[in-house]
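This report walks through a protein and the ligand bound to it. Keep the structure open while reading.

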Amino acid sequence: PYDLAVRLRGGEVVLTAWSTAFTAPGVMAELAAAGYPAITFDMQHGIHNIATLADAIPRVVAHGTAPIVRVPVGDFASASRAVDYGATAVIAPMIDSAEDARRFVSHVKYLPLGQRSWGPAASMRLAGVSDPAAWLAGANDATLAFAMIESRPALDALDDILRVPGLDGVFIGPADLSIALTNGARFAPSAEETQETAARVAAKAVAAGKLAGAFAVSTADAKRAAAAGFRLIALGVDFALLHEAARATLASFASD
Ligand code: 3PY
Ligand code: MG
């Protein structure tokens with residue numbers, strides 16, 4: 001789980017489940033056991049808080065699954081806490097400027113890239129690191145900061161955002177992006193305009209030496225994202241996975 005950065009930088013596509021509706025650590029452990037290489041705990045639109053993360057992160061790490069956290073808008077203090085409790089990547093929503101990105105990075109990375117405050121006991125325990133000097137030397141590389149690009153201001157500021165030192169990547173929110181592109185007229189995450197804009201962001205990110213990540217609302221969108229250069233791809237929201245499996249189970253009985 002602590003090689004997420006190495007795998008993404010090596011060009012591997014990593015799928016992440018999206019944990020939003022359930023706090024029971026056993027639910028996340030089931031997703032990990034099913035084979036997801038990463039799970040993202042959503043504090044923005046999901047139910048998670050620092051206590052649920054502290055319970056669930058060790059449970060998914062035990063399955064070799066990488067824990068990722070999305071923090072609420074502008075809540076960079078939670079980004080620091082998430083990495084302290086073992087998140088290997090943090091996704092910050094609605095980053096609209098290089099200044100937003102710099103403030104985010106400053107909470108995730110130690111000096112000289114940022115000003116993360118020392119307090120990594122839980123994450124060191126999970127990573128099996130006991131030497132503080134070794135942790136300090138490796139943490140900035142191993143802990144990824146992703147800025148969500150999902151607004152007009154973010155698209156306008158993309159080149160500046162991509163130049164922020166210590167920012168490892170960008171992450172597309174296709175729902176908000178589609179609302180932004182249509183000035184509030186449409187929710188259209190899979191629409192051609194949304195997907196093309198996302199692909200352009202990925203190309204720019206890769207050209208700038210950054211990672212590209214994206215949320216996908218369907219398997220088709222996830223495959224398209226992988227082909228466009230996205231490497232961290234969210235596919236599968238917890239309650240929807242349960243809902244779909246329940247429907248499939250009922251339908252299979254009805255059809256036999
Ligand atoms: C979006 O699509 O806007 C997201 O933030 C994905 O959760
Ligand atoms: Mg969004």
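Which helix gives the most residues to the shell around ligand 1? Helix α10, residues 174–181, gives the most, with three residues. The model shown is predicted.

## The ligand shell

Eight names are worth locating. Arg-70, Met-148, Glu-150, Gly-173, Pro-174, Ala-175, Asp-176 and Phe-215 surround ligand 1. By class, the shell holds four nonpolar residues, one polar residue and three charged ones.

The space that ligand 1 takes is the largest pocket.

## Backbone contacts

Oxygen atoms of ligand 1 meet the protein backbone at Pro-174, Ala-175 and Asp-176. At Pro-174, a polar backbone atom is 3.1 Å from an oxygen atom of the ligand. At Ala-175, a backbone N or O atom lies 2.7 Å from a ligand oxygen. At Asp-176, the distance from a polar backbone atom to a ligand oxygen is 2.9 Å.

How much of ligand 1 does the protein bury? Taken alone, the ligand exposes 230 Å². The protein buries 91% of that.

## An aromatic pair

The whole structure contains five aromatic pairs. One of them joins Trp-18 and Phe-215. Their ring centres are 5.0 Å apart, and the planes meet at 85°. That makes the pair edge-to-face.

Where do the two partners sit in the chain? Trp-18 is in strand β1, residues 14–19. Phe-215 is in strand β7, residues 211–215. The two residues are 197 residues apart, and the pair links distant parts of the chain. Phe-215 is also among the residues around ligand 1.

## Backbone exceptions

Most residues other than glycine have a negative phi, and most peptide bonds are trans. Two places in this model depart from that pattern.

Met-94 is not a glycine, yet its phi is positive, about 50°. Met-94 lies in the loop between β4 (89–92) and α5.

The peptide bond joining Leu-111 and Pro-112 is cis, with omega about 10°. Pro-112 lies in the loop between α5 (98–108) and α6 (121–127).

Key: Residues are numbered from 1 along each chain as its sequence is written. Chains are lettered from A and ligands numbered from 1 in the order in which they are written. This is a predicted model: local features need pLDDT of at least 70, side-chain atom pairs count only at pLDDT 80 or more; totals for chains, interfaces and linings use all residues. Side-chain values use heavy atoms; hydrogens and water are left out. A residue is near a molecule or strand if one of its heavy atoms lies within 4 Å of it. A polar contact is a pair of N or O atoms within 3.5 Å; within protein, one must be able to donate a hydrogen and the other to accept it, and residues adjacent in sequence count only if both atoms are side-chain atoms. Accessible areas come from the Shrake-Rupley method with a 1.4 Å probe; for residues, only the protein chains shown count as cover. On a 1 Å grid over the protein atoms alone, a cavity is a set of points where a 1.4 Å probe fits but cannot get out, and a pocket is an open set with protein on both sides within 12 Å along at least five of seven lines; lining residues have an atom within 4 Å of a point. A molecule sits in a cavity or pocket if more than half of its atoms lie within 2 Å of its grid points. Helices (H or I, at least four residues) and strands (E, at least two) are DSSP runs, numbered from the N terminus. Ala, Val, Leu, Ile, Met, Phe, Trp, Tyr, Cys and Pro count as nonpolar, Asp, Glu, Lys and Arg as charged, and the others, Gly among them, as polar. Rings of Phe, Tyr and Trp (its six-membered ring) pair if their centres lie within 6.5 Å; planes under 30 degrees apart count as stacked, over 60 as edge-to-face and the rest as tilted.
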